[in-house]
2 protein chains.
Amino acid sequence: MNDFQDWARGVARDMEHTLSDLLPPPDVEPQRLHAAMRYATLSGGKRVRPMLAFAAGLVTEAHPARVKAVSAAVEFIHAYSLIHDDLPCMDDDTLRRGRPTCHIEFDEATALLAGDALQALAFEIVSTHNLADNPATQLHMLHHFTKACGSHGMAGGQAIDLANVGKVITLPELEFMHILKTGALIRASVQLGALCGRALRADEMVHLDRYAKCVGLAFQVVDDILDCESNTEKLGKTAGKDQDANKPTYVSLMGLVPAKRFADELLADAYDAVASFGDSAIRLRQLAEFIVRREN
Amino acid sequence: MNDFQDWARGVARDMEHTLSDLLPPPDVEPQRLHAAMRYATLSGGKRVRPMLAFAAGLVTEAHPARVKAVSAAVEFIHAYSLIHDDLPCMDDDTLRRGRPTCHIEFDEATALLAGDALQALAFEIVSTHNLADNPATQLHMLHHFTKACGSHGMAGGQAIDLANVGKVITLPELEFMHILKTGALIRASVQLGALCGRALRADEMVHLDRYAKCVGLAFQVVDDILDCESNTEKLGKTAGKDQDANKPTYVSLMGLVPAKRFADELLADAYDAVASFGDSAIRLRQLAEFIVRREN
């Protein structure tokens with residue numbers, strides 16, 4: 001795993017530069033908005049979605065410059081979703097990645113608009129840079145990416161999450177919520193990374209998507225386990241928050257030990273899904289393991 | 001103008017169907033989110049941006065099905081911007097198009113997410129439907145459209161608008177704000193409508209864009225005049241709001257009579273910009289006049 005850690009650190013370092021380059025400069029009007037966009041995106045985050053895009057790009061021998069751009073786009077969407085999620089009318093959180101949340105550091109209106117502008121920027125990047133061998137593939141990327149963000153994807157998942165607070169829900173209902181809320185963007189990350197390279201056969205895309213589904217769910221299951229087991233300092237965000245908010249989680253519905261077993265099963269499934277890609281999927285496998293074994 | 005009114009009513013009626021068809025059905029999960037998206041978009045609005053797209057599409061003989069789709073996309077962006085603009089942390093408004101604003105009818109979190117999902121939906125539509133003769137043109141559309149919505153466009157304009165409250169600003173500063181806040185999306189409407197049809201020469205695109213710039217500014221100048229002269233009932237939104245909020249307007253900076261003269265000058269400029277298009281620009285001309293002469 002040492003080699004993986006070097007690779008992961010390399011991706012994270014590269015992303016920091018790419019994100020900074022693609023964000024509007026802080027000295028250009030409207031400065032406060034641009035400062036908020038940069039604050040919420042730079043200096044922090046595990047960069048899991050970019051890593052997924054890079055790892056998927058290795059399978060299709062994608063050009064790194066292309067993968068960097070799509071990774072940044074995905075990360076901008078992720079950052080926007082966190083800004084809006086932390087707002088008083090949503091989760092009302094004050095701490096994120098060990099720092100004050102965007103609306104605490106700036107103000108609510110600026111945070112709202114920073115999220116809005118980051119969403120637009122993400123799609124602008126995928127429609128502007130040369131990311132695929134032909135424009136039709138790039139439109140295809142945008143189709144999947146935009147869909148993953150809307151009411152049948154991330155935004156829809158957040159709405160279901162809100163509606164679930166304090167409710168008794170079933171495991172399939174919890175899963176449906178997560179497949180939209182975090183799963184859609186994780187699947188888009190894998191898909192966009194892969195589409196930057198050579199065309200895959202339909203069955204290969206299905207394998208990759210199965211991998212992404214498993215990893216997306218595993219990510220959430222592990223998040224719930226960490227929220228229950230870890231502490232605020234380690235997480236860089238408020239621990240025990242879900243329990244306090246009376247939110248249904250994998251741990252509350254399954255129990256801690258079965259939740260851990262479920263995460264292991266998802267990891268095995270993810271391995272299995274990319275078995276046919278052989279060595280080219282080594283980063284995808286390592287990344288799945290990293291996601292399940294992480295401590296924050 | 002009778003003929004124009006028929007045409008305008010036809011576009012508005014068509015749009016109502018198109019918007020409804022392209023919005024997620026109200027009975028699909030998450031229902032509350034979808035209901036909020038539909039509430040904020042359907043049954044109301046002047047549909048000025050769709051009319052601009054249709055009028056521009058006539059210049060390039062664009063296929064109506066294509067123009068309908070881009071018009072809906074633009075209108076979804078407009079609707080999302082109004083939802084977020086009305087939120088308590090922004091303008092804190094309770095009345096819009098004669099009805100309770102989205103966060104009053106639903107709740108703040110749902111309104112926030114409905115806006116977010118509408119933005120994603122707008123870009124999804126332009127990346128999904130067949131809107132141009134080649135995918136490269138369609139990517140070009142998306143490039144302009146996404147840029148018009150971000151921090152160098154609409155979202156940036158809203159941030160500047162917020163920063164201006166209670167401040168003494170100059171006329172050029174006011175103009176810069178409006179060029180971003182409302183102008184960018186109006187220009188995108190004209191551009192997208194035109195790009196649905198035959199390719200225009202560069203100089204023709206410049207003419208169309210000059211028209212759009214004039215109309216966009218005129219729209220705002222007239223808004224300020226109406227906010228000062230009209231009443232809440234006629235406007236369907238809170239009148240005198242800008243003055244109460246101590247917001248700089250064309251009327252407060254120029255005075256009422258010079259503001260009216262400025263609107264007339266912009267109308268004349270708009271006419272001039274599309275003179276070379278002859279008869280094909282008749283709707284563009286009528287629409288500019290309608291925007292300047294409207295009473296709400």
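So, the two copies meet through the same surface, because 100% of the interface residues of chain B are also interface residues in chain A. Keep in mind that this is a predicted model.

How many residues go into that contact? Chain A brings 44 residues, and chain B brings 44 as well. If you look at the chain B side, the elements giving two or more residues are α2 (31-41), α6 (108-128), α7 (135-149) and α8 (154-164) of chain B. Out of these, α6(B) gives the most, with 14 residues. As for chemistry, the side of chain B that touches chain A has 24 nonpolar, 14 polar and 6 charged residues.

Okay, symmetry. Two copies of a chain are related by a rotation about an axis and a shift along it. Here the turn is 180° and the shift along the axis is 0.0 Å, and that lays chain B on chain A with an RMSD of 0.0 Å. So what you have is the relation of a two-fold axis. And who sits nearest to that axis in chain B? Going by C-alpha atoms, Pro135(B), at 2.7 Å from it.

Let me zoom in on one residue, Gly156(A). You'll find Gly156(A) in helix α8 (residues 154-164) of chain A. Buried or exposed, this glycine? Gly156(A) has 26 C-beta neighbours inside 10 Å, and the cut-off for buried is 20 or more, so Gly156(A) counts as buried. Leaving out residues up to four places away in sequence, Gly156(A) touches Gly150(A), Ser151(A) and Leu180(A), plus Pro30(B), Leu33(B) and Ala117(B) from the other chain. Asp92(A) is 64 residues away from Gly156(A) along the chain, with 19 Å between their C-alpha atoms.

Another helix to click on is α9 of chain A, residues 171-195. There's a kink of about 55° in α9, centred on Gly183(A). This helix is mostly covered, too: 19 of the 25 residues of α9(A) are buried.

Now zoom out to the whole of chain A. We've got 15 helices and 2 strands in there. The radius of gyration is 18 Å, close to the 19 Å from the globule rule for 296 residues, so chain A is as compact as a globular protein of that length. Along the principal axes, the C-alpha atoms fill a box of roughly 50 × 50 × 35 Å. Buried residues make up 54% of the 296 in chain A. And on contacts: taking those in chain A with a separation of 6 or more, 72% join residues 24 or more positions apart.

Definitions and conventions. Residues are numbered from 1 along each chain as its sequence is written. Chains are lettered from A and ligands numbered from 1 in the order in which they are written. This is a predicted model: local features need pLDDT of at least 70, side-chain atom pairs count only at pLDDT 80 or more; totals for chains, interfaces and linings use all residues. Helices (H or I, at least four residues) and strands (E, at least two) are DSSP runs, numbered from the N terminus. The radius of gyration is taken over C-alpha atoms; the globule rule is 2.2 Å times the number of residues to the power 0.38. A residue is buried if 20 or more other C-beta atoms lie within 10 Å of its own, exposed if 12 or fewer, and partly exposed in between; C-beta atoms are placed from the backbone. Two residues are in contact if their C-beta atoms, placed from the backbone, lie within 7 Å. Ala, Val, Leu, Ile, Met, Phe, Trp, Tyr, Cys and Pro count as nonpolar, Asp, Glu, Lys and Arg as charged, and the others, Gly among them, as polar. The bend at a residue is the angle between axes fitted to the seven residues ending there and the seven starting there. Copies are superposed by least squares on the C-alpha atoms of residues with pLDDT of at least 70 in both.
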